[in-house]
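Student: I would like a close look at one part of this model. Please take the metal site and work outward from there, strand by strand.

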Amino acid sequence: MKKTTSIHHISAIVGNPKETVAFYSSVLGLRLIKKTVNFDDPGTYHLYFGDEQGSPGTILTFFPWPNAYKGTVGTGQVGTTLFQVDTNALDFWFERLQSFNIKATREIVFEEETLYFSDPHGLSLGIVARSGSVTHTWKSSDIPDDKMILGFAGAQLLSTHADKTSELVEQVLGFEQIAESETYTRFKSSEQVGHTLDIKKVEPITGSFGVGTVHHIAFRAKDEVDHLDWQNFLMENGYLTTEIKDRDYFKAMYFKEHGDIIMEIATDTPGFSVDEPLEHLGETLQLPEWLESKRILIEHHLPPLS
Ligand code: ZN
């Protein structure tokens, strides 16, 4: 049996890229760790945010498509992406979001205080106050160090077949069921970030992809050898995976689980410092080698971010 240690990254579809950078960098205080293009659609950006190094479990990535249709959050998707902060930080975030005119609601979920809000393009987000041993590794000019977002708490999954998704999460991905409420079943993995999955029991609306929805959620494989093991393990368990794709910063392999959520297994290696130094991550447009010859054309086509 295999076990993933946590979420690797979550990828979402949003609108205007400039608004996305402003919100995730300036409001939420995440680091823009990579400015590149969508390898499957090089005329558009692929923007990565995370902690200082872009550690697995902190990486939120965006496909900004300003002219795309708005999606519907519903089954077959990740519903809410949850960030983690220290238990002393929730009041700070409630006030900070208000100061940016972002409406947030406060709820207790599995005994944890949680703030729910949306990004400028309608993506459903939450901030969970959770005690743990995580320390942040990125600084913001106007967020105190002990209030910074530490990475993901986890994600809420909206499955078309909650029982089948639970089975996958527990028996294939290796999470452990730790709690159950009327609304959610909670599963946990071994890491300190990106380590809880809440599967919603009933979700009558069918989701459709578009602006403001999560496209897929990725889980960690240690390295390329482990990645191949995962591919075999998923196949043995009846999941059809894609071929292994080189995303430059990790190797990726996708599959659709039986609750219709698109999932990925991504390697921790080589990471985001492979094409630019750590201290300058995200500052200049990085392209895969096979697109370097088209750089001028691509740069001309992409809208400026600041
Ligand atoms: Zn991905």
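Tutor: What follows starts at the zinc site and then moves out to the strands and the whole chain.

The model is predicted. Start with the metal. The protein donors of the zinc ion are His9 through NE2, His216 through NE2 and Glu264 through OE. They lie 1.9 to 2.0 Å from the ion. Along the chain, these donors follow the spacing H-x206-H-x47-E. Histidine 9 sits in strand S1, residues 7-14, and glutamate 264 sits in strand S16, residues 262-270, so this pair ties together parts that are 255 residues apart in sequence.

Next, check the cover on two of these donors. Histidine 9 has a relative accessibility of 1% and counts as buried. Glutamate 264 is also buried, at 0%. The cut-off for buried is under 20% relative accessible area.

Now follow S16 outward. S16 is joined to S15 by six bridges, and the two run antiparallel. Within this pairing, phenylalanine 250 stands opposite proline 270 in S16. S15 and S16 form a hairpin with five residues between them. In that turn, aspartate 260 has a positive phi of about 75°.

S15 covers residues 250-256 and is mostly covered itself: five of its seven residues are buried. S15 also pairs with strand S14, residues 245-246, through two antiparallel bridges. One contact point to look at is lysine 245, whose bridge partner in S15 is alanine 252. S14 and S15 form a hairpin too, with three residues between them. Aspartate 248 in this turn has a positive phi of about 70°.

Take threonine 206 next. This residue lies in the loop between strand S12 (196-200) and strand S13 (213-221). Threonine 206 counts as exposed, at 60% relative accessibility. Leaving aside residues up to four places away in sequence, threonine 206 touches Thr72, Gly74 and Thr75. From threonine 206 to glutamine 53, the C-alpha distance is 36 Å, with their positions 153 residues apart in sequence.

S12 leads to a sheet. Eight strands form this open sheet, in the order S6-S7-S8-S5-S9-S12-S11-S10, with mixed pairing. S6 (105-109) and S10 (176-180) stand at the edges with a single partner strand each, so one side of each has no neighbour in the sheet. On average, neighbouring strands are turned by 25° against each other, direction ignored.

Within the sheet, S7 (residues 112-118) and S8 (residues 124-129) pair in the antiparallel sense over five bridges. Leucine 115 stands opposite isoleucine 127 in S8. Helix H2, residues 90-99, lies across S5 (77-85), S6, S7 and S8. Its direction is at about 15° to S7.

Finally, the whole chain. The secondary structure comes to five helices and 16 strands. The radius of gyration is 18 Å, close to the 19 Å that the globule rule gives for 306 residues, so the chain is as compact as a globular protein of that length. The C-alpha atoms fill a box of roughly 55 × 50 × 35 Å along the principal axes. Of the 306 residues, 56% count as buried. Among contacts with a separation of 6 or more, 67% come from residues 24 or more positions apart. The accessible surface is about 13400 Å², and 51% of it belongs to carbon and sulfur atoms.

Methods:
Residues numbered from 1 in each chain as written. Predicted model: local features only at pLDDT ≥ 70, side-chain atom pairs only at ≥ 80, totals over all residues. Heavy atoms only, no water. Pairing = 2+ DSSP bridges. Helix = DSSP H or I, 4+ residues; strand = E, 2+ residues; numbered from the N terminus. Axes fitted to C-alpha atoms, helices over the stretch in contact; angles between N-to-C directions. Contact = heavy atoms within 4.5 Å. Rg over C-alpha atoms; globule rule 2.2 N^0.38 Å. Buried < 20%, exposed > 50% of the residue type's maximum accessible area, 1.4 Å probe, protein only. Areas by Shrake-Rupley, 256 points an atom, 1.4 Å probe, with all protein chains shown as cover. Donors = N, O, S within 2.8 Å, 3.2 Å for Na, K, Ca; no water.
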